[in-house]
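Biologist: Hi! Could you walk me through this model? I'd like to start with the cysteines.

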Amino acid sequence: MRKFTGILILDDGSEWPAHGYGFQGARIGELCFNTAMTGYQEIISDPSYAEQIIVFTFPHIGNTGTNNEDNESDYPVAKGVITRTIPTQPSNWRSEYSLESWLKKHKIVGLYGLDTRSITKKIREFGACKAVIQYKKDGAHDIPALRKKLSLWPGIINQDLTKKVSIKKTTAMPAQRTIKNFLPKVAVLHFGAKSNILRCLNMFDLRVDLLPATTTFEELIHTKPNGVLLSNGPGDPFATSKFTKKVLKKLIFETKIPIFGICLGHQLLGHALGAKTIKMNHGHHGANHPVKNLKTGKVEITSMNHGFSIDANTLPSSINETHISLFDGSNCGIDYPDRKLFSVQYHPEASPGPHDSKHLFEKFYKLIGSSVND
């Protein structure tokens with residue numbers, strides 16, 4: 001009988017024997033599942049997965065390998081991945097490395113041989129849970145020690161994780177093309193920004209400055225932005241808002257600079273406007289989430305990755321709820337009619353996912369243009 005080289009232990013006490021691949025070691029994180037059928041490299045490298053272990057519901061993982069172009073961050077921070085079967089060997093002309101070698105490089109633990117359908121159903125019923133995973137080739141798992149480590153882990157609630165994934169200093173990104181005429185500048189508050197957000201901004205020949213999560217209002221204004229984008233990122237928005245609320249309130253009420261928020265940026269904007277956020281049961285993680293525009297009635301299929309959401313019941317009367325999830329009715333968008341300001345809970349840059357919502361970057365670009373011409 002094959003020795004189990006991997007183990008999954010949940011905070012409810014249950015144990016799931018498995019086999020391991022990728023990096024040998026133990027990792028603790030919040031267990032969540034992702035339903036996307038493509039883009040596993042983009043998913044694992046998304047900075048929003050800090051302190052999380054990803055269960056893939058799609059069975060074919062690894063078949064396209066990995067490469068140096070599809071990363072959503074330079075240093076993936078997901079704690080681990082769980083798949084139904086061992087990742088297949090890559091068969092794709094763009095592949096440069098197998099998924100396993102890529103996981104080893106980034107010190108990410110992988111497990112396979114578990115009933116991922118059963119784990120997913122458990123998360124859906126009881127909510128995202130704390131978990132520890134371990135891969136050891138000799139199969140010598142010290143279960144009591146792993147349980148103790150898990151019991152001491154504080155979890156994600158009330159934790160700011162943006163400082164783990166943000167940049168350390170302001171960085172100017174080169175424009176896609178060299179144009180002599182004036183180019184508007186966007187300041188991106190980097191809470192864990194995905195690379196494709198920056199690519200989408202570059203499509204409109206915008207100059208982009210990346211700013212650390214802890215940037216002050218004075219430092220932000222010093223960059224002379226024509227627009228501000230609040231990026232995605234990990235952790236509890238309530239914890240992060242403790243240092244962003246003051247900055248964003250000044251930006252909203254003391255300037256006329258257009259603002260666009262995505263995912264965590266959307267939640268932080270909500271906090272600055274007076275709303276509250278709540279922890280979701282199991283969150284939204286996938287590339288097949290229907291969102292309804294309450295103004296037009298139009299439905300778009302979107303990419304999502306979040307475990308918190310704005311509590312629509314706490315939105316001030318001056319703020320419009322613009323979008324909702326058709327899965328559970330949770331808030332997915334807001335705007336402030338008195339300002340050139342809007343935000344969404346989902347990912348219009350996708351990667352992976354459908355491109356139904358990429359038009360929001362054009363909307364932001366037009367807001368910047370109208371503001372520059374005012």
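Biologist: So how many disulfides are there?
Modeller: Zero, counting a disulfide as a pair of cysteine sulfur atoms within 2.5 Å. This is a predicted model, where local features need pLDDT of at least 70 and side-chain atom pairs count only at pLDDT 80 or more, while totals for chains, interfaces and linings use all residues. Residues are numbered from 1 along each chain as its sequence is written, and side-chain values use heavy atoms, leaving out hydrogens and water.

Biologist: Why no bond for Cys200?
Modeller: Its closest cysteine sulfur, in Cys263, is 15 Å away, too far for a bond.

Biologist: And which cysteine sulfur is closest to Cys263?
Modeller: That of Cys332, at 9.9 Å, which is also too far for a bond.

Biologist: Is Cys263 buried or exposed?
Modeller: Buried, at 2% relative accessibility; buried means under 20% relative accessible area with a 1.4 Å probe, protein chains only. Cys200 counts as buried too, at 3%.

Biologist: Switching topic: what's the strand order in the open sheet?
Modeller: The 10 strands run β8-β10-β9-β11-β12-β17-β16-β15-β13-β14, with mixed pairing. Strands are DSSP runs of E, at least two residues, numbered from the N terminus, and two of them pair if DSSP finds at least two bridges between them.

Biologist: Which strands stand at the edges?
Modeller: β8 (171–173) and β14 (299–310); each has a single partner strand, so one side of each lacks a neighbour in the sheet.

Biologist: How do β13 and β15 run?
Modeller: Antiparallel, joined by three bridges. Val291 has Ser325 in β15 as its bridge partner.

Conventions: Helices (H or I, at least four residues) and strands (E, at least two) are DSSP runs, numbered from the N terminus. Buried means under 20% relative accessible area, exposed over 50%, partly exposed in between (1.4 Å probe, protein chains only).
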